[in-house]
Amino acid sequence: MSAADRRERLATLLRERDADAMYVGDLVNVRYLTGFTGSNGAVLVHADGTTVFFTDGRYQDQAAVEVPGVERVITRRILDEVRARTAGTLVAETHLLAVDAWEQLGRPGAAGRLVEGLRETKDDDEIDALRRACTVSTTALEQLLAGPLLGRSERELARDLEWRMLEVGAEDKAFDTILAAGDHTSIPHHRPTERTVQEGDLLKIDFGARVDGYHADCTRTVVVGAAADWQREIYAAVRASQAAGVERLRDGVPVPEAHAAAVDSLEEAGWLHAFTTGLGHGVGLQIHEDPFLGPGHPSTLTRRTVLTMEPGIYLPGRGGVRIEDTVLVTDSGPEVLTTTTKDLMEIA
């Protein structure tokens with residue numbers, strides 16, 4: 001789907017809402033609608049489909065390449081230009097606008113999460129980029145796990161993994177790698193330290209690559225050496241929960257139902273009290289985007305949505321396990337894009 005097609009979909013939504021135009025200033029949404037990858041840009045989409053793109057002089061040449069076939073305005077006074085070019089009812093991303101910007105635009109109406117809603121359903125190009133990001137990620141992880149782990153620091157292993165992702169084909173990491181050893185694995189978003197990996201440690205690795213602007217998200221937890229009984233127990237509980245949740249990532253399934261499948265599994269195993277994080281989220285041009293898995297989410301899953309499933313058990317001072325996949329909702333069911341094994345790995 002082209003950027004022009006995406007803008008036409010937005011224009012259709014504006015007509016349905018009796019809005020004459022929408023100001024889009026969030027750079028992720030601007031990229032989705034235009035292809036622009038610079039650090040300063042905005043777009044005004046009219047209900048009749050006409051579009052004006054705004055940026056400053058630093059990006060004049062870049063915009064000419066990335067935003068073809070659209071009127072481009074080079075200015076440092078974007079908000080003033082938008083207001084001057086708008087007749088009728090203007091709506092905007094009021095959930096993202098600063099109050100001063102909202103005032104400068106003439107207090108536009110709330111568009112809601114219109115563009116974010118469009119982004120939930122991925123087109124062929126987006127799915128291809130996500131597949132490649134996931135392949136790069138898991139290839140790099142498997143390389144890391146094939147090498148020595150004992151005696152190396154969390155920080156060293158995290159940097160090694162990130163370098164491997166670049167070598168395999170990532171344009172960048174999707175986010176700062178979470179790599180935790182031993183009792184640090186009980187901290188959901190632990191930052192790597194100089195702690196070294198020791199025999200019997202759980203090793204939790206939450207990571208991902210970015211390819212063509214699209215993000216992968218994956219977590220695997222392994223044991224360095226032979227697993228203790230308590231490690232096997234919590235790993236088995238998390239794996240069962242994750243499998244139950246992934247199985248419900250299907251077209252037409254209410255989001256709360258997918259959430260409940262994973263949570264109920266943890267509750268039945270007696271470990272729900274140790275699950276302290278969110279269960280999953282959409283992934284695409286952002287590492288965290290709509291939809292977010294939760295008991296109160298009002299919508300249903302649809303085909304071509306890509307999201308994560310990531311239950312965990314976290315035992316403070318002892319250790320924790322998380323298993324996470326990036327999953328594509330298809331006509332025939334969930335397709336896991338992060339394919340590294342989820343069998344308990346005991347790595348010598």
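With which side chain does the side chain of Thr308 make a polar contact? The partner is Glu310, at 3.1 Å; a polar contact here is a pair of N or O atoms within 3.5 Å, where within protein one must be able to donate a hydrogen and the other to accept it, and residues adjacent in sequence count only if both atoms are side-chain atoms. The model is predicted, so to speak of local features pLDDT of at least 70 is needed, side-chain atom pairs count only at pLDDT 80 or more, and totals for chains, interfaces and linings use all residues. Residues are numbered from 1 along each chain as its sequence is written, and side-chain values use heavy atoms, with hydrogens and water left out.

Thr308 itself sits in strand β15 (residues 306-309); helices (H or I, at least four residues) and strands (E, at least two) are DSSP runs, numbered from the N terminus. With a relative accessible area of 0%, Thr308 is buried, where buried means under 20%, exposed over 50%, and partly exposed in between (1.4 Å probe, protein chains only). Its contacts, meaning heavy atoms within 4.5 Å, take in Asp217, Leu279, Gly280, His281, Leu293, Glu324, Asp325 and Thr326, leaving aside residues up to four places away in sequence. One of these pairings bridges a long stretch of chain: Thr308 and Asp217 are 91 residues apart in sequence, yet their C-alpha atoms are 7.2 Å apart.

Zooming out, the chain has 10 helices and 20 strands. A compact globule of 348 residues would have a radius of gyration near 20 Å, and the chain comes in at 22 Å, which agrees; the radius is taken over C-alpha atoms, and the globule rule is 2.2 Å times the number of residues to the power 0.38. Along the principal axes, the C-alpha atoms fill a box of roughly 70 × 40 × 35 Å. Buried residues account for 53% of the 348. Of the contacts between residues at least 6 apart in sequence, 63% join residues at least 24 apart. The accessible surface is about 14400 Å², with 48% of that belonging to carbon and sulfur atoms; areas come from the Shrake-Rupley method with a 1.4 Å probe, and for residues only the protein chains shown count as cover.

Two UniProt annotations, both from an unreviewed entry, divide up much of this. "Domain: Creatinase N-terminal" covers residues 6-100, and "domain: Peptidase M24" is placed at residues 129-331; such annotations use the numbering given here, have shortened names, and may be inferred rather than shown by experiment. Residues 6-100 are 37% helix and 22% strand, with end C-alpha atoms 29 Å apart. For residues 129-331 the make-up is 33% helix and 24% strand, and the ends lie 19 Å apart.

Within residues 6-100, helix α2 (residues 27-34) has Asn29, Val30, Tyr32, Leu33 and Thr34 buried. Gly35 follows α2 with a positive phi, near 95°. Thr86, in the loop between α4 (78-84) and β5 (90-92), counts as buried at 18% relative accessibility. A polar atom of the Thr86 side chain lies 2.6 Å from the backbone oxygen of Val82, and Thr86 also touches Ala21 and Leu44, not counting residues up to four places away in sequence.

Helix α7 (residues 124-146) behaves as the ruler says: its 23 residues at 1.5 Å each should span 33 Å, and the end C-alpha atoms are 33 Å apart, the expected span being 1.5 Å times one less than the number of residues. At the start of α7, a side-chain oxygen of Asp123 comes to within 3.1 Å of the backbone nitrogen of Asp125.

Asp201 lies in the loop between β8 (178-181) and β9 (202-207) and is buried, at 8% relative accessible area. A polar atom of its side chain is 2.7 Å from the backbone nitrogen of Gln198. Beyond four places in sequence, Asp201 touches residues including Ala181, Arg195, Val223 and Gln231.

A few backbone oddities remain. Most residues other than glycine have a negative phi, and most peptide bonds are trans. Arg107 has a positive phi of about 55°, in the loop between α5 (99-104) and β6 (109-110), and is exposed at 51%. Asp212, between β10 (209-211) and β11 (214-215), has phi near 50° and is partly exposed at 42%. Finally, the Asp290 to Pro291 peptide bond is cis, with omega near 0°, and Pro291 lies in strand β14 (residues 289-292).
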